[in-house]
Amino acid sequence: MQKRIFLRSTALAALSLVAALAHADNNTFKIGLILPMTGPFASTGKQIEAAARLYMAQNGDTVAGKKVELIVKDDTSAPDVTKRIAQELVVNDKVNVLAGFGLTPLALATAPIATQSKTPLVVMAAATSSITQASPYIVRTSFTLPQAAVGIADWAPKNGIKKVVTLVSDYGPGIDAEKYFKDRFLFNGGQVIETLRVPMRNPDFAPFLQKVRDLKPDAMFVFVPSGAGAALMKQFAERGMDKAGIKLIGTGDVTDDDILNSMGDVALGVVTSHHYSASHNSPLNKKFVEAFQKANNGLRPNFMAVGGYDGMRVIYEAAKATKGGSGDALLEAMKGQIFESPRGPMFIDAQTRDVVHNIYIRKVEKVGGQLYNQEFDTIKDVKDPGKTK
Amino acid sequence: MLTILFDGIAYGMLLFILAVGLSVTMGLMNFINLAHGAFAMVGGYITVVLMQRHGVPFMACLPLAFGGAALLGMVLERTLYRTMYRKPHLDQVLFSIGLAFMAVATADYFMGSQQQIMQLPEWLRGRTELFDGALGMGHYRLFIIAVCAALTIGLQFILSKTRFGSRLRASVDDPRVAAGLGINVNVVFAATFAVGSGLAGLGGALGAEVLGLDPTFPLKFMVYFLIVVAVGGTSSITGPLLAALLLGIADVAGKYFIPKLGAFIVYALMIAILIWRPQGLFVRKGGK
């Protein structure tokens, strides 16, 4: 027992010494970027990392006289790994801010670390509504699924879609999408005939799609992770559902810019609501897309990339305002930022620390031989409907 | 209603082609090859790469997927699997699951972890409706059923009517006596293993469109293969065929009629069948 106490106190002393040393090194501003760089969600990680590096290339790597150091770590999209890496980054590397977080469980697992160490945590991808409530230190620059889902739920009833069947992947974001779409759609006088949840490891959409077809709705609302979107879209067309008069609507995840082109013509005419399209018509976005493609072998930026890009912007501006600060001061400087993003105008709501931005209604069209989500309607300044306050 | 039956049959046929090789090797050498799905994945990737990057027509990709997977199967059988035959089952299982993991990591490294997307030729994309829309058949699924039915008949013919078939059956029933009668059991087995792997490769190529194709394919479908083999028994190919059809139809119909329980029905069915017939649906008398 004695020995253990001795060991513990020595360890503590050593640790605080290291901490003191690290603090002494005051000329860098460290950003710990945790992303899934391998595994099924690697494309998310690639997009965000590319966007973050692009932002640094465009805006220099010094802020308020300090050198910005970007530490990129791969969490393989396993929550326990994310948490461990976050811990190491906070304790060993003394990062000023944690960022990244490709999926909801990864962000939720790390939330307690942000709270305990008072480190601001910028969510650049994960989109379940409740994430920002998990810690007062979480700021989000991506989007929330309820935001995207209510957009299409507002648009559909005005455009002759009265009866809808929903089909979502059976996990957090899918259930979020289903719930908020349904609530808003019913509120707008629509009718949801059936809600179908497809297991995550579902090999074949056939039976679910057949069920939808036999129910004969005006449209099918879809949320699936972006990779599965292509398969779903093809089977939708193969089953002749478009010819049977069923429209395909959904959140923008289904027609992800990253893979939209490889889906082929079956995607044409699909209407979705989302906060970002690579074809968004603004000078800033044109510049962003061009620079991104130039730096990444022609890879098209998607909504993940823009979340990462804006996340870096929020961090940079907060660092400038606080002269490279950390903790509560840095967090305060992130809240309430209003700026023009490639996606359009956006701001960080000071109360909820969540992003507020326009939701666009888009239709897949062919532009110059390539498929794009062409925006044709805008719902301005959508706050996350998932927050009760 | 008929459409569901049709989709179920297409799905079952695909499962059968994917799993039949496993069933034969398991019956033949009593070797549990959990890496079987990796050969299917190889076939799938061969097709995707040839089609998308080199513009090879789809119909030419199918035999190449078969050949590629069969060749790989033969090489691995000669070099790796052979040494494992006399080891206990636990070693074999650990060995082959290790291979499966390595295949997953390799595919991830070279091909990336995303779902592969395939563009079918135009003539396979349509759909035919019969009986006032009561039976809607996607042309691609029709094609799958046709190919798989032809393969099944071919396999059945080889097994029951040719000399190689009788040697194979003899080796399955009792390898020692078969060897004593002058049958080169090793060659029989190597050939069977290669063909089984090739069939899996063909199944992977055909299935990439329907089942999806990503590096976790071997693990995702391992359970389905094992169910087909466990339910169908390992002594014939009629067993796995009926098991696969039953499984396919039950899976599709279950998801259609009770979507909330959908993914569970298959397992319930398997448990019920195995309680009723622990050896699988079909057991041939005289086998060991």
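**Close-up 1. Helix α9(B) passes helix α10(B) in a right-handed crossing.** A crossing is right-handed if the near helix is turned clockwise from the far one by less than a right angle, and left-handed if anticlockwise. In this predicted model, local features need pLDDT of at least 70 and side-chain atom pairs count only at pLDDT 80 or more, while totals for chains, interfaces and linings use all residues. Residues are numbered from 1 along each chain as its sequence is written, and chains are lettered from A in the order in which they are written. The axes of α9 (residues 217-232) and α10 (residues 238-257) of chain B, lines fitted to C-alpha atoms over the stretch in contact, come within 8 Å and cross at roughly 125 degrees. That makes α9(B) oblique to α10(B), because angles under 35 degrees count as roughly parallel, over 145 as roughly antiparallel, 65 to 115 as roughly perpendicular and the rest as oblique. Among the residues making the contact (C-beta atoms, placed from the backbone, within 7 Å) are B:I227 of α9(B) and B:L247 of α10(B).

**Close-up 2. Strands β12, β13 and β14 of chain A are linked by hairpins.** Strands pair if DSSP finds at least two bridges between them; strands here are DSSP runs (E, at least two residues) and helices likewise (H or I, at least four). Four bridges join β12 (residues 338-341) to the antiparallel β13 (residues 344-348), where A:S341 has A:G344 as its bridge partner. Three bridges join β13(A) to β14 (residues 355-367), also antiparallel, and A:M346 stands opposite A:H357.

**Close-up 3. Chain A touches chain B.** The contact takes 26 residues from chain A and 27 residues from chain B.

Terms used
Two residues are in contact if their C-beta atoms, placed from the backbone, lie within 7 Å. Axes are lines fitted to C-alpha atoms, for helices over the stretch in contact, and angles run from 0 to 180 degrees between N-to-C directions.
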